[in-house]
Amino acid sequence: MLVAVGSLVIIGKVSSPRFFVLRLQELEGRGFYLRYARTELVRGFETAWYRGTVWSVIVSATASGGLSYWVSKRIMQRLAEMEQITQKFAAGQLDARLPLSDIPELNRLSTSFNHMAASLEGVEQRRRQLVSDLTHELRTPLTVVRGYLEELTDGRLELSPQIYQMLARETKRLERLVNDLQELSKAEAGYLPINLQPVNLRPLLESLVEKFADQILEDGPVLRLECPPQLPPVLADIDRIEQVLVNLLGNAIRYTTEGSITVRAWTEPSKLWIAVVDTGIGIAPENLPHVFERFWRADQSRNRNSGGTGIGLAISRSLIELQSGEIFVESQLFRGSTFQFFLPLA
Ligand code: ADP
């Protein structure tokens, strides 16, 4: 404001009388006789210019000063409010959000702060959930082991091979839980080394089907492979794909007592699909959205006995996503389930 008013006054002061005198000379050149009135005219012009300038400086300085004060006060108020809210957030009140403002720049700042706050709140929620899930999962085997050890110490229980087996099973469960968790946390954080290479998955599918067929009891389901003789190469880490398929086939065998388990592979433009289809117990529609969540199991007690940790599918999903694929599930209760994923072609 000061620069604008200052330059207006200086330029006006220097140039206006000069232009006025030039104009008078031009009029004299055209034959007007101004010789005696000239000094009066110049003085009158200067007085008028001076008055006009003083008034315009007063009015414009007041108007622009008032306006700048009002605008900066609004901005400062908003900034102070934002500072308070960010301090609250930093102090641990994670649901604190900045109000939207009618100043577009501040509005953008509030929106991005709120996005950041929401994602931090999500991380914190997931961390709390993980700790509570973990405590729950660790407590069961620890309680069993402690119960047996106390009874053995008191002499209420005799040592027997079954007790040893029970203790070994529970400690193995703890070990598996810790290993799975480590794998999952690495996969979710993207720390798992993924060695992407063009690979042909057919030999892997054949060898896995052969290996798992040996584990199925004679009256169990039939395991078969439906795969075209030539598969185009996919961009993937073969060890990680094997890990996913072992988990899917292991689950299919665990939850299927009769019928069939089919490993199917087919191609689409730019994608290779692999599906593990079983005719097992299936998953209820209300449970389907939770299948890939860590620690989720359809029936806690049944699966605890069968040794599952509920982490396998969460790891599988992270592994597939790390290889730019996606995994899906379809299932009908008591009819069977289909777990299928795609990988990009190399
Ligand atoms: P788990 O180690 O318990 O099998 P997963 O993450 O691999 O953990 O599976 C989570 C849960 O999803 C299982 O406990 C089971 O209830 C359900 N599930 C997974 N695969 C199947 C399947 N093929 N048929 C029926 N239920 C399944």
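In this predicted model, Ser101 touches Arg78, Leu106 and Asn107 once its neighbours within four places in sequence are set aside. Ser101 itself belongs to the loop that links α2 (38-90) with α3 (104-154). Its relative accessibility is 8%, under the 20% limit, so Ser101 counts as buried. A polar contact is also found here, with the side chain of Ser101 lying 2.9 Å from the backbone nitrogen of Ile103.

Attention now turns to the ligand, which sits in the largest pocket of the model. The elements that each supply two or more residues to the surrounding shell are α6 (238-254), α7 (300-306), α8 (312-322) and β7 (336-344). Of these, α6 provides the largest share, with 4 residues. In total, 21 residues surround the ligand, and those that come nearest are Asn251, Arg254, Asp278, Ala298 and Leu313.

Two of these nearest residues also take part in polar contacts through their side chains, and it is worth looking at them one by one. For Arg254, a polar side-chain atom is placed 2.9 Å from an oxygen atom of the ligand. For Asp278, the partner is a nitrogen atom of the ligand, at 2.8 Å from an N or O atom of the side chain. The backbone contributes as well: a polar backbone atom of Gly312 lies 3.3 Å from a ligand oxygen atom. How much of the ligand's accessible area does the protein cover? Taken on its own, the ligand has 530 Å² of accessible area, and the protein covers 98% of it.

Two further loop residues deserve a friendly word for their backbone geometry. Ser324, found in the loop between α8 and β6 (326-332), has a phi value near 60°, which is positive although the residue is not glycine. Is Ser324 buried or exposed? With a relative accessibility of 52%, over the 50% limit, Ser324 counts as exposed.

The next loop, between β6 and β7, holds Phe334. Here too phi is positive in a residue other than glycine, with a value near 65°. Phe334 has a relative accessibility of 69% and therefore counts as exposed. Ser324 and Phe334 are thus both exposed loop residues with positive phi, whereas Ser101, in the loop between α2 and α3, is buried.

How values were computed
Residues numbered from 1 in each chain as written. Predicted model: local features only at pLDDT ≥ 70, side-chain atom pairs only at ≥ 80, totals over all residues. Heavy atoms only, no water. Buried < 20%, exposed > 50% of the residue type's maximum accessible area, 1.4 Å probe, protein only. Polar contact = N/O pair within 3.5 Å; in protein donor to acceptor, adjacent residues only side chain to side chain. Contact = heavy atoms within 4.5 Å. Near = heavy atom within 4 Å. Areas by Shrake-Rupley, 256 points an atom, 1.4 Å probe, with all protein chains shown as cover. 1 Å grid on protein atoms, 1.4 Å probe; cavity = no way out; pocket = protein on both sides within 12 Å on 5 of 7 lines; lining within 4 Å. Sits in = over half its atoms within 2 Å of the grid points.
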